[in-house]
Amino acid sequence: MPSATTTDVLTGMYAAEAAYFAAGGPGRAPFATTLAPFFAEDVVLYQADGMPYGGIWRGHAGLERFFVAMAAVWESFEMVAQEFLATGETAVVRTDVRARARATGRELRFPILQTLRVEDGRIAEIRPFYWDTKEIAAACTMAR
């Protein structure tokens, strides 16, 4: 069943992402063997421009750079709860996050809604939507 396959890919990726960061994240954990197998080689991640790591990240190398940028922003980033809705190759994942910003030490709780497209058993596209990018960016930036 396609939706079960999509859900399996996503739950596997989120578990691998948690293991990747638990093992030290970028520079310490192996992206190529931990996370890359879950993503298509030409994967595209669209991050909101208002985020500290906003922009378009392409391919495995782009995702690896994204995780470096994300780890530089967050001291901790915990996915507290997740809900999955998958139909065929398309999925929506609602994640409740608890995170602590490196720059300010401020802890935030916020939801992220992601749309993802899975092709041939690998994630091909990710589009996260944040409720309040301004609040997140402010928590991650020291006042001048």
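Sorted by class, the residues that line the largest cavity comprise 17 nonpolar, 3 polar and 1 charged. The model in which this cavity appears is a predicted one, and a search through the whole of the structure returns 1 cavity of 30 Å³ or more. The space inside the largest cavity comes to about 250 Å³, and its lining is made up of 21 residues, with Tyr14, Glu17, Gln47, Phe66 and Gln114 lying nearest its centre. The elements that contribute two or more residues to this lining are helix H1 (2-22), S1, H3, S3, strand S4 (90-101), strand S5 (107-119) and S6. Of the elements, H3 gives the most to the lining of the largest cavity, namely 4 residues.

One of the residues nearest the cavity centre, Gln47, deserves a closer look. Gln47 belongs to strand S1, which covers residues 39-47, and it counts as buried because its relative accessible area of 7% falls under the 20% limit. The side chain of Gln47 is joined to that of Tyr130 by a polar contact of 2.8 Å. When neighbours within four places in sequence are set aside, the residues in contact with Gln47 are Tyr53, Gly54, Gly55, Trp57, Phe66, Pro128 and Tyr130; Phe66 is also listed among the residues nearest the centre of the largest cavity.

From here the path leads to strand S6, residues 122-130, where Glu125 is located. Glu125 has a relative accessible area of 19% and is therefore classed as buried, given that the class requires a value under 20%. A polar contact of 3.2 Å links the side chain of Glu125 with the side chain of Arg127. Apart from neighbours within four places in sequence, Glu125 is in contact with Val43, Val44, Tyr46, Thr115, Leu116 and Arg117.

The other kind of space to consider is the pocket. The largest pocket has a volume of about 160 Å³, and its lining consists of Phe21, Gly24, Gly25, Pro26, Arg28, Met70, Ala71, Trp74, Glu75, Ser76, Phe77 and Arg102. Helix H3 (59-73) and strand S3 (74-87) are the elements that give two or more residues to that lining, and S3 gives the most, with 4 residues. In terms of class, the pocket lining contains 6 nonpolar, 3 polar and 3 charged residues, while that of the largest cavity has 17 nonpolar, 3 polar and 1 charged. H3 and S3 are thus elements to follow in both places, since they are named for the lining of the largest pocket and again for that of the largest cavity.

Methods. Residues numbered from 1 in each chain as written. Predicted model: local features only at pLDDT ≥ 70, side-chain atom pairs only at ≥ 80, totals over all residues. Heavy atoms only, no water. 1 Å grid on protein atoms, 1.4 Å probe; cavity = no way out; pocket = protein on both sides within 12 Å on 5 of 7 lines; lining within 4 Å. Points joined across faces, edges and corners; volume = space filled by probe spheres on them. Nonpolar A, V, L, I, M, F, W, Y, C, P; charged D, E, K, R; others polar. Buried < 20%, exposed > 50% of the residue type's maximum accessible area, 1.4 Å probe, protein only. Polar contact = N/O pair within 3.5 Å; in protein donor to acceptor, adjacent residues only side chain to side chain. Contact = heavy atoms within 4.5 Å.
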